[in-house]
Amino acid sequence: MTTAPSSVLEAGHREIVDSFESFVRRELVPLAADLPGNGDLPPADLRSYVRGRSARLGFYAADHPEELGGSGMPFTAVVLLHHAAGRSGCPLAPYALAGSDGPSPLLRQGTPEQIERYLVPLVRGEATRCLALTEPDAGSDAFRLSSTATRREDGGWVLRGRKTFVSNAGHADFALVIAEAKSEGGGGPTAFVVDMDHPRLRVGQRYAGMSGEELYELVLDDVELPADAVVGGEAGVGAALAHGIDSLSRGRLVVAAMCNGISEYALRLGVEYARERRAFGERIGAYQHVQEHLVTGRAETEAAKLLTLACARLVDEGVEAPENAALAKLTASETAVRVVDRALRVHGATGWVRGHPLEFLYRYVRMMTIVEGTSEIQKVIVARAMGLG
Ligand SMILES: Cc1cc2nc3c(=O)[nH]c(=O)nc-3n(C[C@H](O)[C@H](O)[C@H](O)COP(=O)(O)OP(=O)(O)OC[C@H]3O[C@@H](n4cnc5c(N)ncnc54)[C@H](O)[C@@H]3O)c2cc1C
């Protein structure tokens, strides 16, 4: 295959991507050999080791400034690392990069004390967190919250409510909890930092999903917090909506990049198999119905990758339009679901067998159309930006 069009947007970051790929090949692939191969979450101590090692090598949370423990890399480079993690097919590679348990852009709005105590350990890979936003009656409509934060007379807060589908709550060091603040001085959706060992914060039921993620219920049973638990201090009261929109854009581009990498990996498996497997006296890759799966998959993947990288480049240039991230996430996640399905079809029964990478990816990739806002919600964002609705 000649040079791919998207390589134009990769230029300038090739060295760091090569170096990350070499780390994955040399260190993570051998470690992953002992995993069961069914797509279960790798053990917490292994994930912690991978995170710490990657942070020491400068890959983890690399777009954070050096004074916070990052490498000061452009966001485009980080997006390319997530792409490389997906493309590697190594089940440990995603844990070498900061995801939904890593540094949250919400904490960039934190007070200096919060940045030091909570953000820096996340950037260094020494701690993890969870984000508790979703509730039984507030999913896509995320800020119609029933969880409340009531101000005490001494300026502190009491949190009450129930959060659902919270990733990493069973392993995190602290939670970022979004609750509706009620106080005389003002209110609205507000982010609080709550240590996971708080006696009134309870991890409830665990939701076993299709694959790869463990989600939990979090119960806020009169969680008493000091005044300085509000992210950003007093200015942060009622500010979670504005801060949340900013942080989601980057998270969505990271998900898009991971999806594009998964699509490339699935296509590679499909092409390799189609070149070898024979039916009716021919290699199956010679049949146009098989080519259709792989060529259309390639066209859609390349388009999604170009879109994602262009949006990441715009972020580096200071343009962080939510509709751009929504377009990229919508396109890349839906493409990955289709491409993995196409690659599995090319493999016939072989790809359906437990232990085959496509069997796992078929279950794993589906969550990408839900996390960070469903595909329908990405369309709502784009429609609004088009002046519709
Ligand atoms: C793997 C995984 C990890 C997650 N991690 C976290 C986490 O760490 N923290 C957290 O707080 N949450 C997390 N979530 C929850 C996730 O954010 C929500 O599931 C998601 O926002 C959708 O909400 P919902 O499931 O309640 O669906 P609903 O909002 O009930 O939506 C149901 C259906 O209606 C559609 N819909 C809703 N509103 C509209 C509209 N206006 N227009 C068109 N269609 C609409 C949706 O697209 C969907 O198809 C996670 C979910 C998954 C699957």
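Biologist: What makes Ser140 and the ligand a polar contact?

Modeller: In this predicted model, an N or O atom in the Ser140 side chain sits 2.6 Å from a ligand oxygen atom. The cut-off for a pair of N or O atoms is 3.5 Å, so the 2.6 Å pair counts as a polar contact.

Biologist: And which part of Phe165 faces a nitrogen atom of the ligand, backbone or side chain?

Modeller: Backbone: one of its N or O atoms is 3.2 Å from that nitrogen. That is within 3.5 Å, so the Phe165 pair counts too.

Biologist: What about Glu376, how far is its polar side-chain atom from an oxygen atom of the ligand?

Modeller: 2.8 Å. As for cover, the ligand has 980 Å² of accessible area on its own, and the protein covers 61% of it.

Biologist: Which elements give two or more residues to the shell?

Modeller: Strand 3 (157–167) and helix 11 (375–385) do. In total, 17 residues surround the ligand, with Leu131, Thr134, Ser140, Phe165 and Thr374 the closest.

Biologist: How does that shell split by class?

Modeller: Ten nonpolar, five polar and two charged residues. Thr is not on the nonpolar or charged list, so a Thr counts as polar.

Biologist: Which domains does the shell draw at least three residues from?

Modeller: Domain 2 (129–238) and domain 3 (242–385), at least three from each.

Biologist: What does UniProt place at residues 130–223?

Modeller: An unreviewed entry there gives "domain: Acyl-CoA oxidase/dehydrogenase middle". Over that stretch the chain is 56% strand and 0% helix, with its end C-alpha atoms 16 Å apart.

Conventions: Residues are numbered from 1 along each chain as its sequence is written. This is a predicted model: local features need pLDDT of at least 70, side-chain atom pairs count only at pLDDT 80 or more; totals for chains, interfaces and linings use all residues. Side-chain values use heavy atoms; hydrogens and water are left out. A residue is near a molecule or strand if one of its heavy atoms lies within 4 Å of it. A polar contact is a pair of N or O atoms within 3.5 Å; within protein, one must be able to donate a hydrogen and the other to accept it, and residues adjacent in sequence count only if both atoms are side-chain atoms. Accessible areas come from the Shrake-Rupley method with a 1.4 Å probe; for residues, only the protein chains shown count as cover. Helices (H or I, at least four residues) and strands (E, at least two) are DSSP runs, numbered from the N terminus. Domain bounds come from an automatic or database domain assignment. UniProt positions are given in the numbering used here, feature names are shortened, and annotations may be inferred rather than shown by experiment.
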